[in-house]
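This report describes selected local features of one protein chain. The sequence and the coordinates are shown first, and the description follows.

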Amino acid sequence: MTQPLGPVMLDLEGTKLTAAEKRLLLEPTVGGVILFARNVENGYQVRKLCSDIRRVRADLLLAVDQEGGRVQRIKEGLTRLPAMARIGDCYRANPEDGLALAKDAGWLLGMEMAACGLDLSFAPVLDVDSGLSSVIGDRSFSGDPLHVAQLGSAFIQGLHDAGMAAVGKHFPGHGGVAADSHVALPVDDRPLEVIKQHDLVPFTHLAAQLDGVMPAHVIYTAFDTRPAGFSPNWLGMLRESLGFKGCIFSDDLSMTGAHEAGDPKARAQAALAAGCDMLLVCNDRASALDVMEACQGINSKRPAKLRYSRARPDLDALSALGRWRRTHAKLEALADKPQTSAEAE
């Protein structure tokens, strides 16, 4: 029987747990931990850190952003993953090979994260690259919505082959705005029908495959005046029209794009009221404590279903797997491949 988890996902200060953090993780409102680059030395150290966290609380959901390219927190001792746009390039050259590589990349990512002791990576990125968003850019598989859907599906299948959950982001699509929601509140004024026929296509196709979804801190004025992560309209569409049944993670409530909803407690209450199951509060411990206070007595079974439930692979044994060796070599070669000037524009 799945035991529910508190709705708050916190970050940590460094590469080892402090005494204060050990006490904090025992709070019932805390349901998970997200790791950043400052928490990472190499894969072995991450495995030790995850083990230490589980000794404090075995049920916590442990996550990381390990997409590839610019967004790769754990580098030493693991495969250097290319930006997903490089896999999109392979798909355009040969669709069959591109899909196979996307599936293998998802599998390798899942196996490496599981071997490090983590439950999930916040991947894949399902935003469609419109050439406007520098914060998305080559994190996206493609500028073609159907290509993103097809490659995203293959990547998700690979993650599932490895026993790992797939969390798609950033619903309903961050690729159509220039502003970065980490430091601003982007506003997308396109008609709803345009968004449905473009940015929403991957989420519409993949809602039944995804285990988790992270909405964008973006306002889409044609549908709601609130950012998607605080919008019952958008999250209601995700649940009802798209049929998504998994866990909805807020994007980081400390980001500038979230400040529209008010102070930390107000942001937490707005995200929960909109339909989020788990709230990320990062790089701001005071805000995290406020959010915890606002979430007393709240929990959900949805995040708990995303825990890695298989026997974990051993980091040192991955290289004995032929699929890992083949995929590792292909992905590292792509990671080394320089961008053409056209791709960089």
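Contact here means heavy atoms within 4.5 Å. The model is a predicted one.

## Asp-199 and its surroundings

Asp-199 is located in the loop between H6 and H7. Residues count as buried under 20% relative accessible area; Asp-199, at 1%, is therefore buried. Its side chain is joined to that of Arg-190 by a polar contact of 2.8 Å.

Apart from neighbours within four places in sequence, Asp-199 is in contact with Val-128, Pro-172, Gly-173, Gly-175, Gly-176, Arg-190 and Val-194. Arg-190 thus appears both in this list and as the partner in the polar contact.

## Helix H5

Helix H5 covers residues 145-161. Its 17 residues should span 24 Å at 1.5 Å a residue, and the end C-alpha atoms are 24 Å apart, so the two values agree. At the N-terminal end, Asp-144 acts as a cap for H5, with a side-chain oxygen 2.9 Å from the backbone nitrogen of Leu-146. After the helix comes Gly-163, whose phi is positive, near 85 degrees.

H5 is mostly covered, since twelve of its 17 residues are buried. Among them are His-147, Val-148, Leu-151, Phe-155, Ile-156 and Leu-159. The buried residues of H5 pack against four helices: H3 (84-93), H4 (95-115), H6 (192-197) and H7 (201-206). The loop that holds Asp-199 lies between H6 and H7.

## The three-stranded sheet

Three strands form an open sheet in the order S7-S9-S11, with parallel pairing. Its edge strands are S7 (167-171) and S11 (247-248), each of which pairs on one side only. S7 and S9 (residues 212-215) run parallel and are joined by four bridges. Within S9, Pro-215 is the bridge partner of Phe-171.

## Annotated positions and Asp-251

An unreviewed UniProt entry lists His-182 and Asp-251 under "active site". Asp-251 lies in the loop between S11 and helix H9 (264-274). Is this residue, Asp-251, buried or exposed? Its relative accessible area is 11%, so Asp-251 is buried.

Not counting residues up to four places away in sequence, Asp-251 touches His-170, Met-214, Pro-215, His-217 and Leu-280. Pro-215, one of these residues, is also the bridge partner of Phe-171.

## Aromatic pairs and helix H8

The number of aromatic pairs comes to six. Phe-122 and Phe-249 form one that is edge-to-face, with 5.1 Å centre to centre and 85 degrees between the planes. This pair links distant parts of the chain, as Phe-122 is in the loop between strand S6 (120-121) and H5, while Phe-249 is in the loop between S11 and H9, 127 residues apart. Both Phe-122 and Phe-249 are buried. The loop between S11 and H9 also holds Asp-251.

Ring pairs further link Phe-171, Phe-203, Tyr-220, Phe-223 and Trp-234 into a cluster. Trp-234 belongs to helix H8 (residues 232-240), where Trp-234, Leu-235, Gly-236, Met-237, Leu-238 and Arg-239 are buried. The elements covering the buried residues of H8 include S7, H6, S9, strand S10 (219-220), S11 and H9. The strands of the open sheet, S7, S9 and S11, are thus among the elements that cover H8.

Key: Residues are numbered from 1 along each chain as its sequence is written. This is a predicted model: local features need pLDDT of at least 70, side-chain atom pairs count only at pLDDT 80 or more; totals for chains, interfaces and linings use all residues. Side-chain values use heavy atoms; hydrogens and water are left out. Two strands pair if DSSP finds at least two bridges between them. Helices (H or I, at least four residues) and strands (E, at least two) are DSSP runs, numbered from the N terminus. UniProt positions are given in the numbering used here, feature names are shortened, and annotations may be inferred rather than shown by experiment. Buried means under 20% relative accessible area, exposed over 50%, partly exposed in between (1.4 Å probe, protein chains only). The expected span of a helix is 1.5 Å times one less than its number of residues. A polar contact is a pair of N or O atoms within 3.5 Å; within protein, one must be able to donate a hydrogen and the other to accept it, and residues adjacent in sequence count only if both atoms are side-chain atoms. Rings of Phe, Tyr and Trp (its six-membered ring) pair if their centres lie within 6.5 Å; planes under 30 degrees apart count as stacked, over 60 as edge-to-face and the rest as tilted.
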